[in-house]
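This report concerns a predicted model, which should be examined together with its sequence. The text that follows treats domains, contacts and confidence in turn.

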Amino acid sequence: MALDDKHEADGRVFKVVGTRPVRPDGIDKVTGRARFGADMSMPGMLVGWVLRSPHAHARIRSIDTSKAEALPGVKAVVTRKDFTAESDDVLDNCMAGAKALYDGHAVAAVAAVSAKVAKQALKLIAVDYEVLPHVTDVDEAMKLDAPVLHKDKTDETVPAGMSKNVIQRFEYGHGDVEAGFAEADEIVSRSFKTAATHQGYIEPHACVASMGPDGQADLWVCTQGHYMVRNVCAPMLGMDIGKLRVTASEIGGGFGGKTTVFLEPVALMLSRKSGRPVKMVMTREDVLRATGPTASTSIDVKIGMKKDGTITAGWAEMRYQGGAYPGSPVQFGAMAAFAPYNLKHVKTIGWDVVTNRPKQAAYRAPGAPMGAYVVESVIDELCGNLGLDRLSVRLKNASTEGAKASYGPRFGKIGLTATLEAAKAHPHYSAPLGPSQGRGISCGFWFNFGGDTSVSLSVNNDGTISLSEGNPDIGGSRASMTMMAAEELGIPYDSVRTIIADTSALGQNEVTDGSRVTFAVGLATIKAARDAITKMCSRAAKVWGIDEDAVIWEDGHAKPAGPNAGKFPPMSLAEIAAQASNTGGPIAGHHEVNAEGAGVSFATHMCDAEVDPETGAVKILRYTVFQDAGKAVHPAYVEGQFQGGAVQGIGWALNEEYIYGKDGRLQNPGFLDYRVPVASDLPMIDTVIIEVPNPGHPYGVRGVGETSIVPPLAAVANAVSAAAGVRLTELPMSPPRVLKAIDTARA
Amino acid sequence: MVKVAIWGSLRVATEGRAEVEVDAKNLRELLDRLADAYPGIKPQIDRGVSVSIDGLIYNDSWFTPIGRGSEVVLLPRIVGG
């Protein structure tokens, strides 16, 4: 339903929301009591392992599993022929059909009594491959002579005569960019490249599947969306979704990478064939080779600016490769890249391209960081060329309420200007810099959305509350829901316990993505609490013998609405709960909604970096995030989201990349050579929470989890470019690349 | 009638027009009538779209009302991570 509640929080004094109570999952996580995906065991459980293609591109002529099936201790072997459901890209990615499309693509799987036996069995599976030429670079894949992955996936938006690896074309914008460039005093055109990176979650994918002979199944899994897992896996197994019950474990990071399935359908099929539970856990090498990194990109950008800092036109052509199947996030990069700026003339073109790499998955504001990198880098260069202050130029051109976004709609109330003003006033901006040090600024934007949400709130007999919601907690949502329920009910935070219920307990819940949970699940929690309050007031009214309309709820108590209602002492929630059976039965509130009307979130990031001119090594000296949260329910968690996005962006900018050899195989499938930042690499990331309320949420909440990764690529690149004295146009800015740029500039 | 903004690469289906008019009072009618009037847009609608109505993004809510003066922008399906 459309959200029709206005933002109600103006003038409201919150008692719980905005405070910083102890997180409810902290003790479990630091003591090892928390149960993650690999922490489940079942009686009779087998171990499942996947056989993966060693080739980047190969036709699978045949698979002979007979010797593996005959090995003692092997209870089931699965290949694509076991899946009789209609084929789609997700299924093909989970288990290859006619072709292996990337190094690591799953081609078969076994379930055995131990990992040792399972691994022996994999060696006995004979796959007859016809090795084909491969392509891993996005620009190479677009050439007419490039090896073709699919003959029939290009859609109607792609002009005739292009490689079949070009799947879709997008175009956005308004005005006349040529007229805009004609007005400019200074124009900069640049080409940029970014590498594919992985979300880097510490917990590999893991699940335990158990299917009974009656066709009912249970699945324990680490995921960002167990309802999605159920809805996707059940049809693949030819099951009704109601027969598959999925429980989400505690999750050790997702960031978008766990919004799809990889092992789960395979584990379920192995369990069906073996008649026993099957546990599957990926190694780190499996995770990097065969889950979903983000796209690598090749982007051309051109921006014009007047001497007074007015941006007259912006243009970009963006080529993203999303791995072996359609669906790179190029459209979001093309939509978001210029979103922070109110432009009369803007045009972006995006191309979705396939290559022989693993199928991409969402990574925190998918597609947007790369777009911000190129636009913000060129704005930075223009400011330098014209001698203009980088924050003042951004303020001058900033999107504000009523401005037409580069992707079409007019913005409502937004917080970009507030983040820029906060940045300008912050001591970081005026802190002195030393030799080989530079400061970089970037703005960033993400859309956010809501989606299907179901929440149930039960009032226990002792007056405590059990709150059930359906979204795995990847950012502190249990604490936030607990706080919102406590706020509405007027009871202590410690009286509410929030759990993530399994798929049989609640209605549909959209995946934990899109920065949606605090917004949508929060909204539903507030409404479920109000539903319970209505019922409790009704019970009090019965006890007092007065009309329901004559009862109000205040500070955790039902009270007569006024002197005419009667003189009755207030009834506490606990008192009402204790009498629930006597007054009509158990009391619970619930709310189900397709939450729409999420508010966008803008940010400004500021980074100081130092470059060692002899080695090209970069050190981040200082980093500050300024981001609009609408209303920060639990400020420490909001700050954590700001910091986490910034750190991932720093890794993306400086170190992380998928490196493919000439053979098309991933050369660095481990954390030793795929280098993510660790705590000792970085200073404390400072944070400033801006609150411009979202009118679509009762408390004004905006999602924050994704916008925080959009600015850092450019903020770091601008800082490094300033420190090095040369513009860096390729990420990551690893030491050899920085050194080469410095040496080239000197020569 | 409501005016709907069409993104650049879809305009080949609307004879180059950046804005079209359809008779619709809610989201479902909007998408159905767009597909009927401009069959070239239907494949994209089938692949998935979001609709911005007065600056807010809607994904699936069929009965979201659209007023005559509303700003309506067709967008690719917004997802997240």
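The domain assignment of chain A, whose bounds come from an automatic or database source, yields the three domains tabulated here.

| Domain of chain A | Residues |
|---|---|
| Domain 1 | 26-34 + 450-595 |
| Domain 2 | 37-132 + 204-251 + 258-290 |
| Domain 3 | 296-448 + 599-746 |

This is a predicted model, in which local features need pLDDT of at least 70 and side-chain atom pairs count only at pLDDT 80 or more, while totals for chains, interfaces and linings use all residues. Residues are numbered from 1 along each chain as its sequence is written, and chains are lettered from A and ligands numbered from 1 in the order in which they are written.

The C-alpha centres of domain 1 and domain 3 of chain A are 39 Å apart. Their contact (C-beta atoms, placed from the backbone, within 7 Å) involves 15 residues from domain 1 of chain A and 16 residues from domain 3 of chain A. On the domain 1 side, helix 16 (517-544) of chain A gives the largest share, five residues. Helices here are DSSP runs of H or I with at least four residues, and strands are runs of E with at least two, numbered from the N terminus.

Between the chains, the contact takes 38 residues from chain A and 23 residues from chain B. Strand 7 (residues 166-174) of chain A provides the largest share of the chain A side, five residues.

Chain B has an average pLDDT (the predictor's confidence in each residue, from 0 to 100) of 92, and 100% of its residues score at least 70. The model scores ipTM 0.94 and pTM 0.95.

Conventions. Contact = placed C-beta atoms within 7 Å.
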